[in-house]
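Student: I would like to learn how to read a structure of this kind, one feature at a time. Could you take me through it slowly?

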Amino acid sequence: MKQLIRKSYMITILIALLGSLVFLDACGSKPGTVAVLMEEDAIAPVAEGYENVTPDYIFTYAENQNEDYPTTQGAREFARLVNEKSQGRIRVRVYANAQLGDEASAVQQVQYGGIDFVRASLAAITDYSEETIVLMMPYLYQSPGHMWKVLDGEIGQEVMNSFTGSGLVPLAWYDAGVRSFYTRKPVSSIKGMKGLKIRVQPSSLMEDLVEELGAGAVPINYEDVYDALQTGTVDGAENNWSSYEAMDHYKVAPYFLADEHSRTPELQLASEQTMQQLSAQDRQMIRECAQESAVLERELWQETEESSRQKVLDEGCREISLSDEEKQKFKDAVRPLYEQYCGGYMEFIHRIEALGVQ
């Protein structure tokens, strides 16, 4: 049994003993229940024909969504492919429901080798690459096709390369849908945003975005949004249809303002320390498995997003659309953020916008 297997067990134990244990979110056990991280808590797909092979390596993968979410299913497919293509030599245990910590702390543990893989939103990794902020700018992409043309092309590779030396190794772009606002009371114009308290990810860009629209930004961790909406701590939040449905936010904020302010991709990342322990052949295999899993994840995302949208509408939620004129007011209000956040990367912005009109 390789040293890395023992490392995997020890890391799990240390996370439990040193206070990195987290409380499972609403999709897992009840709030306040300590998540004792054991082998049986993880999803560890084994490829057909390799069930009885003793692996040389057992890796950990952190995912903060529930087991049925597209990104978790993408992680599961990644794990299966790695096991298959390594002929059983490598297994990947996927810990969903934020069992290995919230997104920011999981990324930190990947950076230092405590966790081997993670799927993270760009908001959680801007400290590791300045270029990622460009891909998060509001109303940047004209359509999903525009975004994938950017990410799967030269610009996407340049952003991946910008992580060199950070301790994180980008593997594949995952879809995270399009984000919009949803509120406890109906909002149908930029005037309606004024004075509202809106939950945002802990991100200065998202905070400034909301402020530019006339509302007040309240940074709250993803796992705590439902309670904040239910108690009125915030008047609304912003996310995609799938998260809106998966976390039951539609039950406490039934008005979905489809302003589509952000098409923000996510990254599947590996620990540089983990990758360095593998042969060049295995590193290439890991990258190929990640890319294959991303194809499935994107397909599942589209299916899940439409299914989630239809479900919450059937439950009585109201989707509010903006007129072209009103949507332009939203765009104009946030345009100053481009210069504020991307002053040194406006060339990136212009290249991205140019791809949208080709």
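Student: Let me begin with one strand: how many of the residues of β5 are buried?

Tutor: Please keep in mind throughout that this is a predicted model. A residue counts as buried when its relative accessible area is under 20%. In this structure β5 is mostly covered, with 6 of its 6 residues buried. Val178, Ser180 and Tyr182 point one way from the strand, while Arg179, Phe181 and Thr183 point the other way, and all of them are buried.

Student: Which strands does β5 pair with, and in which sense, parallel or antiparallel?

Tutor: To read a pairing, look at which strands are joined by bridges and in which direction they run. Here β5 is joined to β9 by 5 bridges, and the two run antiparallel; within that pairing, Tyr182 stands opposite Phe256. With strand β8 (residues 236-239), β5 also pairs in the antiparallel sense, over 4 bridges, and there Phe181 stands opposite Glu238.

Student: How many aromatic pairs are there, and how do I read one?

Tutor: Two aromatic rings are read by the distance between their centres and the angle between their planes, and a pair whose planes are under 30 degrees apart counts as stacked, one over 60 as edge-to-face, and the rest as tilted. The count comes to 13 aromatic pairs. In one of them, the rings of Tyr61 and Phe78 have their centres 6.0 Å apart and their planes at 55°, so this pair is tilted. It links distant parts of the chain, since Tyr61 lies in strand β1 (residues 57-62) and Phe78 in helix α2 (residues 70-85), 17 residues apart. Tyr61 counts as buried because its relative accessibility is 0%, and Phe78 is likewise buried, with a relative accessible area of 0%.

Student: What about Tyr182 and Phe256: how is that aromatic pair arranged?

Tutor: Tyr182 and Phe256 form a stacked pair, 6.1 Å from centre to centre and with 15° between the planes. This pair, too, links distant parts of the chain, with Tyr182 in strand β5 (residues 178-183) and Phe256 in strand β9 (residues 255-263), 74 residues apart. Tyr182 counts as buried at 1% relative accessibility, and Phe256 counts as buried at 1% as well.

Student: Which residues form an aromatic cluster?

Tutor: Tyr57, Phe59, Tyr61, Phe78 and Phe117 form one aromatic cluster. Tyr57 can also be followed into the neighbouring strand pairing, where it stands opposite Ile90 in β2.

Student: In what order do the strands of the open sheet lie, and how is the sheet covered by helices?

Tutor: For a sheet, read the order of the strands, then the edges, and then what packs on it. Here 5 strands form an open sheet in the order β2-β1-β3-β10-β4, with mixed pairing. The edge strands are β2 (90-95) and β4 (168-174), each of which pairs on one side only, and the twist averages 25° from one strand to the next. Helix α5 (residues 154-161) packs on the sheet, touching β4 and β10 (266-271), and its direction makes about 150° with that of β4. Helix α11 (residues 280-314) also packs on the sheet, touching β2, β3 (117-121), β4 and β10, and its direction makes about 30° with that of β4.

Student: How many salt bridges are there, and what do they join?

Tutor: Side chains of opposite charge can pair when their charged atoms come close. The count comes to 19 salt bridges. One of them joins Glu63 and Arg119, at 2.5 Å from N to O. Because Glu63 lies in the loop between β1 and α2 and Arg119 in strand β3, this pair ties together parts that are 56 residues apart in sequence. Both Glu63 and Arg119 are buried.

Student: Which partner does Glu238 have, and is that partner buried or exposed?

Tutor: Glu238 forms a salt bridge with Arg179, the closest N and O atoms being 2.9 Å apart. Since Glu238 lies in strand β8 and Arg179 in strand β5, the pair ties together parts that are 59 residues apart in sequence. Glu238 is buried, with a relative accessible area of 0%, and Arg179 counts as buried at 8% relative accessibility.

Notes. Residues are numbered from 1 along each chain as its sequence is written. This is a predicted model: local features need pLDDT of at least 70, side-chain atom pairs count only at pLDDT 80 or more; totals for chains, interfaces and linings use all residues. Side-chain values use heavy atoms; hydrogens and water are left out. Rings of Phe, Tyr and Trp (its six-membered ring) pair if their centres lie within 6.5 Å; planes under 30 degrees apart count as stacked, over 60 as edge-to-face and the rest as tilted. Buried means under 20% relative accessible area, exposed over 50%, partly exposed in between (1.4 Å probe, protein chains only). Two strands pair if DSSP finds at least two bridges between them. Axes are lines fitted to C-alpha atoms, for helices over the stretch in contact, and angles run from 0 to 180 degrees between N-to-C directions. Contact means heavy atoms within 4.5 Å. A salt bridge is a side-chain nitrogen of Lys or Arg within 4 Å of a carboxyl oxygen of Asp or Glu.
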